[in-house]
Amino acid sequence: MAKQLFEWDYSSYPGAKQYPNLFTPIEIGNLIVPNRIKYAATEDNLNRHDGFVTDADVEYMRRRAEGVVGGLCFMQGVYMDEPGKGQGYVGQAAAWDDKFIPGLKKIADAIHSEKAVAGFQLMDCGRVGAVEAPVGHGPSAVPQRLRIFKPMAEMTNAEVKEVVKQHADAARRGVEAGFDVMEISGIVGYLISNFISKYTNRRTDEYGGDIRGRMQAVVEIIRSVKEAVGPDVPVGIRLCSEELLDDVGGNTPEESMESYKIAEEAGVDYISCTLGWQESIFPVISRDIPQGNWLYLAKRAKEHVKVPIQMAYRIFLPKFPEEAIAKGELDMWEICRSMIADPLMPKKVAEGREDEIRHCVACNLCLARLFRDAPMTCYISPVCAHEHDPEFFPKPVEDEDDKKEVMIVGAGPAGLECAYVAAQRGHEVHVYDKREEIGGTLNEASLAPYGDEELMTCVNFQKTMCGKYGVELHLGTEVTEELIEEEAPDTVILATGPVYKKVPGVDDNAKNIVNVLDVLAGRAEVGEKVVVWGNRKPGIGVALKLAKEGKKVTIVGEEKSAGFDINPSFKWRYMIYLRQNGVTAYNDCTIDQVGDGGIVVKTFDGHRFPVQCDTIIVTERDANESLKSAVQSEGIELYVVGDALVPRNLSSAVHDGYRIGLRI
Amino acid sequence: MPVNAEKEITKLWKAKQAAQGEICNTYYRWREFALGLAGDKADPMTVALDAAEAFGRYIGKGMLPRLNLLKGDEAFVGMVAKQLAGTWANEGAVVTVEPGEKATEAVIRCKRDTWPTAAKTFDVPMEEVTRSREKLFESMLVDISVFFNRPLAIEMQKAIPRGEGEWVFKLYLKQ
């Protein structure tokens, strides 16, 4: 008989009425999970390089456990071999010895302290492992396409058996540490997926051949793990439903579905439906992929197996899983990056506070950091991975005398972030903006193509928080020296956004020179041949928008490569879109001259060449010095944040604003 | 000042040719240095072929992200041939890729090569130039063949350093 670990009654939760299917219990093996929500195992690089769990990771997990409101909460996948061939991340937790159990228990206890179901994941990173070992292991020694990964050695038959045993031993340790559910990771190019794929498994022995042969190691692992954990602990597996490896001869979708059936036959209690490998040349989870795009794969999986199907992958809003569960096309909503950005995301859904969710903007900075051996961080959330550090959270101003009247100039993301944090702490906060609406330049930036409209979720969240904490907005009000003098605030925050550079040697009012914001908003006329001056993200965004409209677009910029300010896990998408849309980029170059019908581009080493154009769009930015001296001359405490300080990106604006909000 | 297109192009063209010339010269300077270190007992041909193999493996690995099987084996062979030809063209060769007799064959033809000229300057035997090129191409294919699970082979049919007027290589998929 299935048992339930913690009692949850969602009848008083407004979100449970709005999303009844999400808050319906489900049986996973012999366990009843009170709802359909799961925080999916995610690496965070927060643990020690020798595999021991840290307090930072424990608190990171505790916060996510609170977020799932009684659902499944999985800790990151553990590696299981002492040499570290299976270790894919420098801060990955280990479970190759009993000595790791006490640390792992801290995580299980933290999850249980929030009345959530604790999940333990077994993850040999295979082809993308050996992060601190010289050689990786896999079914066959297929060379690496990406140089960041280690050379591969083919596993002997005995080594395969040893890996099977390692999974069973680690699973037993997980149960001893107190975890309730066991999961085998077979995704994105890790060892299990290496065995399953014909791209990486060329073996001719019992562990190779057709899909059944390639699944043999997986079957042995499933069986050995089930035996190790006993009947009360459900065992699940994360498997690729589509590898997206047609370019290198990977599995067909039919073979992938066959792997699902074989896993079910071997005894798994659920399957997490995943897709793509780290090596895939197709995008899967970046912002350019519409939300809910991949749910058809869960539906297909449901048509092939009877065990519950779970899925993440661009499902950021509860309406998608709610509808899919209602239609019988999904059983559980897995959440990964959305809960990196806002660990309490599903809790806020349950409590009817969706407008307080800080939404992930699918930029993949978190992944980019992990692949570069850096601790987890989030583009949009300044507190992510600092859950253990009280200094990162707003502290109320205790003494009434310390409460300040704060004037924030600019209602963009930096100003609003600073505003609600300062107000939350007890300061009186007034935000001024000469525009009639909040959001600053993000209003225009979010009009760029390939999913940038999702950036506005940041401002929507900030607007709610400003309202919640009583921030007073003064829109349509330009701040002048006189206004500062008149209001005489204790503190001024300049969040005015950047100023735009002048095109060298040209009158700013020349009719064919326009500003990027005006172009994105449709306020400026643009010809058919366009030069975009500036090769950072604003330049790329406007270039792509115009190229999609059929304009001939050339980018000229001083950075050595276009998209210098975009993180590598997303930048590759933009490079492909530039190429697909026929945009030419001259990097490491400046505009040397502007004449009738074109410009002269000068390369870094002095070569000059003409480029025809009828419009020049200025995207190059500078720090905004206005009002600084006025504030300083009044002897008022002054902070400058966001692009006004140094033109960067949305992330920097939010992080700047948050930190200054804590400091005032 | 308006752009003098002819002057700009000439400057760039000369710079490119000089850089291409330096590729060969730098290699042969290193060759002299390596042979000096290796001592009298070292066989120059062995050293050259070992170097060609190491370079080839490295260059071949670099081609992996630029190749795919999406358009089938025939297109794949053509794609690999273009990659090989491209590396040669970067060194200053005039090189083309043509279809082979079979669908999974491609011909790489080079009418002009900078390597034999540079080799003469450094007194390198022409047979070493010939076999180094052959070895270089063979080595580039090693990881490509394994990675894509498509066994590729290359046969040298003509060689400029052997006085045959042009280089001709046949690239094909082994059955």
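**A guided tour, beginning at Arg648(A)**

Select Arg648(A): leaving aside residues up to four places away in sequence, Arg648(A) touches Asp565(A) and Asp643(A). The model on screen is a predicted one. Arg648(A) sits in the loop that runs between strand E28 (637-640) and helix H22 (650-663) of chain A. With 18 other C-beta atoms within 10 Å, Arg648(A) counts as partly exposed, because a residue is called buried at 20 or more such atoms and exposed at 12 or fewer. Next, add Ala623(A) to the selection. Ala623(A) and Arg648(A) are 25 residues apart along the chain, and their C-alpha atoms are separated by 9.7 Å.

Now widen the view to the whole of chain A. Its secondary structure comprises 22 helices and 28 strands. Along the principal axes, the C-alpha trace of chain A spans about 75 × 65 × 45 Å. A compact globule of 664 residues would have a radius of gyration near 26 Å, and the 27 Å of chain A agrees with this. Colouring chain A by burial is instructive: buried residues account for 56% of its 664 residues. Of the contacts in chain A between residues at least 6 apart in sequence, 72% join residues at least 24 apart.

The next stop is the boundary between the chains. Here 13 residues of chain A are in contact with 15 residues of chain B. On the side of chain B that touches chain A, helix H1 (5-38) and helix H5 (126-148) of chain B each supply at least two residues. H5(B) gives the largest share of that side, four residues. By character, the residues on the side of chain B that touches chain A are nine nonpolar, two polar and four charged.

Finally, select helix H2 of chain B, residues 44-63. At 1.5 Å a residue, its 20 residues should span 28 Å, and the end C-alpha atoms are indeed 28 Å apart, so the expected and computed spans agree. Which residues of H2(B) are buried? They are Ala48(B), Ala52(B), Gly56(B), Gly60(B) and Met63(B). These residues cover an arc of only 90° around the axis, and therefore lie on the same side of H2(B). Show H1, helix H3 (72-90) and H5 of chain B as well, since they are among the elements that cover the buried residues of H2(B). Then rotate the view to the face of H2(B) turned away from its buried side, where the exposed residues Thr46(B), Ala54(B) and Tyr58(B) are found.

Conventions:
Residues are numbered from 1 along each chain as its sequence is written. Chains are lettered from A and ligands numbered from 1 in the order in which they are written. This is a predicted model: local features need pLDDT of at least 70, side-chain atom pairs count only at pLDDT 80 or more; totals for chains, interfaces and linings use all residues. The radius of gyration is taken over C-alpha atoms; the globule rule is 2.2 Å times the number of residues to the power 0.38. Two residues are in contact if their C-beta atoms, placed from the backbone, lie within 7 Å. Ala, Val, Leu, Ile, Met, Phe, Trp, Tyr, Cys and Pro count as nonpolar, Asp, Glu, Lys and Arg as charged, and the others, Gly among them, as polar. The expected span of a helix is 1.5 Å times one less than its number of residues. The arc is that of the directions from the helix axis to the C-beta atoms.
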